[in-house]
Amino acid sequence: MPYADLMVSTKAPPSLLYMVKQVELVVRSHLDELVKPSGITALQYTSLTVLQRHDGLSAAQLARDSFVTAQSIADLVRSLENRGLVRRERNPHNRRELLILLTDEGRELLDRVAEPVRDLEERMIRDLTAHQADQFRQALSKAWHALS
């Protein structure tokens, strides 16, 4: 076996953590480009999609589900509120707590970017069979639950 081939075959593959981070960074970069014309960031988009699935969250819940710190969620929500994409209202069960809700304008923005975002996801998994894509989704979910 030639020396060059031996060197390639003994090289360790990149760690899964490194590969996950690579995917995250490239997805975020593409997502930022997709949502930029709408005047929001990928992080703001993520928060809006969280509210789309679970409307009426506290700031702490939204921060956890959006993968941002409690400190950064305040600025993020304020920015979205100023744009008319979310609103805050008192929790009827706990008057000290404010709930964050998606507005009609927020829903319309998500509808406008839904197709390009879906296309991005399809592009990411285009070389996978439907079964492999389902396994990938399940594996990512299991990995997330194992660390949560």
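1. The side chains of R87 and E89 are joined by a salt bridge, with N and O 3.4 Å apart. The structure is a predicted model, and every value in this note should be read in that light. R87 counts as partly exposed at 38% relative accessibility. Its partner E89 is likewise partly exposed, at 35%.

2. A second pairing in this part of the chain involves R88, which forms a salt bridge with E81. The closest N and O atoms of R88 and E81 lie 2.8 Å apart. R88 has a relative accessible area of 34% and is therefore partly exposed. E81, at 28% relative accessibility, is also classed as partly exposed. In general terms, side chains of opposite charge can pair when their charged atoms come close.

3. A further salt bridge connects R137 with E121, and here the closest N and O atoms are 3.6 Å apart. This pair links distant parts of the chain: R137 belongs to helix α7, which covers residues 130-147, while E121 belongs to helix α6, and 16 residues separate the two. How accessible is R137? R137 is exposed, because its relative accessible area of 52% lies over the 50% cut-off. E121, in contrast, is partly exposed at 38%.

4. The salt bridges in the model come to six in total. Among them are the pairs R87 with E89, R88 with E81 and R137 with E121.

5. Attention may now turn to charge on the surface. Which residues gather in a patch of negative charge? The patch consists of D104, E105, E108 and D111. E108 is located in helix α6, which runs over residues 104-125. With a relative accessible area of 46%, E108 is partly exposed. Helix α6 also holds E121, the salt-bridge partner of R137 in helix α7.

6. The surface has a nonpolar patch as well. V23, M124, L128, F136 and L140 make up this patch, which has an area of about 390 Å². F136 is part of helix α7, the helix in which R137 is found. F136 has a relative accessible area of 32% and so counts as partly exposed; this value satisfies the requirement of over 30% relative accessible area for patch residues.

7. For a reader new to the structure, two helices offer useful points of reference. Helix α6 includes E108, a member of the negative patch, and helix α7 includes F136, a member of the nonpolar patch. The salt bridge between R137 and E121 links helix α7 with helix α6.

Terms used: Residues numbered from 1 in each chain as written. Predicted model: local features only at pLDDT ≥ 70, side-chain atom pairs only at ≥ 80, totals over all residues. Heavy atoms only, no water. Patch = residues over 30% accessible without salt bridge, like charges linked within 9 Å, V, L, I, M, F, W, Y side chains within 5 Å. Areas by Shrake-Rupley, 256 points an atom, 1.4 Å probe, with all protein chains shown as cover. Salt bridge = Lys/Arg side-chain N within 4 Å of Asp/Glu carboxyl O. Lys, Arg positive; Asp, Glu negative; His and termini not counted. Charge placed at Lys NZ, Arg CZ, Asp CG, Glu CD. Helix = DSSP H or I, 4+ residues; strand = E, 2+ residues; numbered from the N terminus. Buried < 20%, exposed > 50% of the residue type's maximum accessible area, 1.4 Å probe, protein only.
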